[in-house]
Amino acid sequence: MTEVDKLFAAPLSRVADFVFDHDVAKVFPDMIKRSVPGYPTIVESIGLIAGQYAQPGSLIYDLGCSLGAASQSMRRHVRAEGCHIRAVDNAEAMAERCQEYLTAQDSMVEELTPIDVVHADILNLALEPCSVVVLNFTLQFINPEQRLGLLTRIQEALLPGGILILSEKLRFADEDTQRSLESLHYTFKRANGYSELEIAQKRSAIENVMLPDTLETHLARLHQAGFKHAHSWFQCLNFGSMIAHK
Ligand code: GEK
């Protein structure tokens, strides 16, 4: 069902801004695994973390779900009675394919947490009371000016004791650290079979679309959004994940 990512393999006369269309959806599982160091560990751990924090009878959100990897992991781990997962993405190609993947998971595994896939912009989505919210590499695609507003709405929707899991590509204020980890990230991509051309073209496609913040900016913003406590739980090269507690 999944194909090898060759989207940037041939020279392009003009590299357009990156969009989550049908071509991307087709190769997405291959693309994200070969591009994001630590992604499989993060996805598996999201299931474990959600399993610990999901409250009986509550809603769990996977915002910017793409093909639903985090949702699939949570469905395997959440054991609390009566939970429901809502996976949301504003890219039609992603939401459609996500639904197909989840239906396939349903037909193979019994008694999984029920889930619905919603094609919507998370900036306009009314959030219902929930115990766990996942933003797995989604916030970096949101306009920086709208990030605090979104996080505040998530904090307000969370039940007491609820958590947000926030994974992001990280930027580093210290220039040497930034250079070192960026260069190691390209080494990671080369080791996964991406050519210099693919790396360069992907970088120019994504640079106006995906705007990473520093870990310090994230933690300060989470506090500003009203979270009681926020901390990092994972980092691999320049990619990391945090938990924010209501
Ligand atoms: C995973 N979480 O595999 N509303 C809804 N969705 C959005 C919005 C928005 N405003 N902006 C971006 N997206 C996934 C991976 S990918 C990360 C997440 C990446 C969606 C966008 O359509 C895309 O599917 C996703 O956020 C980001 O666990 O490609 O690096």
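These are my notes on the ligand site, one tyrosine and one helix of this structure. The model is a predicted one.

**Ligand site**

I began with the residues around the ligand and found 20 of them. The closest are Tyr39, Gly64, Ser66, Asp89 and Asp121. I then sorted the shell by class: twelve residues are nonpolar, six are polar and two are charged.

Next I looked up polar contacts of the ligand. For Asp89, a polar side-chain atom sits 2.6 Å from a ligand oxygen atom. For Ser66, the distance from a polar side-chain atom to an oxygen atom of the ligand is 2.8 Å. At Ile122 the backbone takes part: one of its polar atoms is 2.9 Å from a nitrogen atom of the ligand. I also checked cover: on its own the ligand has 660 Å² of accessible area, and the protein covers 94% of that.

**Tyr101**

I placed Tyr101 in helix α4, which spans residues 92-108. Is Tyr101 buried or exposed? Its relative accessibility is 17%, and the limit for buried is under 20%, so I entered Tyr101 as buried. I also took one C-alpha distance: Tyr101 and Ala25 are 76 residues apart along the chain, and their C-alpha atoms are separated by 12 Å.

**Helix α7**

Which residues of helix α7 (residues 196-206) are buried? I listed Glu198, Ile199, Gln201, Lys202, Ala205 and Ile206. I noted the spacing rule beside the list: an α-helix has 3.6 residues a turn, so residues three or four places apart point the same way. What do the buried residues of α7 pack against? Their partners are α1 (22-35) and α6 (175-191).

Methods:
Residues are numbered from 1 along each chain as its sequence is written. This is a predicted model: local features need pLDDT of at least 70, side-chain atom pairs count only at pLDDT 80 or more; totals for chains, interfaces and linings use all residues. Side-chain values use heavy atoms; hydrogens and water are left out. Helices (H or I, at least four residues) and strands (E, at least two) are DSSP runs, numbered from the N terminus. Buried means under 20% relative accessible area, exposed over 50%, partly exposed in between (1.4 Å probe, protein chains only). A residue is near a molecule or strand if one of its heavy atoms lies within 4 Å of it. A polar contact is a pair of N or O atoms within 3.5 Å; within protein, one must be able to donate a hydrogen and the other to accept it, and residues adjacent in sequence count only if both atoms are side-chain atoms. Accessible areas come from the Shrake-Rupley method with a 1.4 Å probe; for residues, only the protein chains shown count as cover. Ala, Val, Leu, Ile, Met, Phe, Trp, Tyr, Cys and Pro count as nonpolar, Asp, Glu, Lys and Arg as charged, and the others, Gly among them, as polar. Contact means heavy atoms within 4.5 Å.
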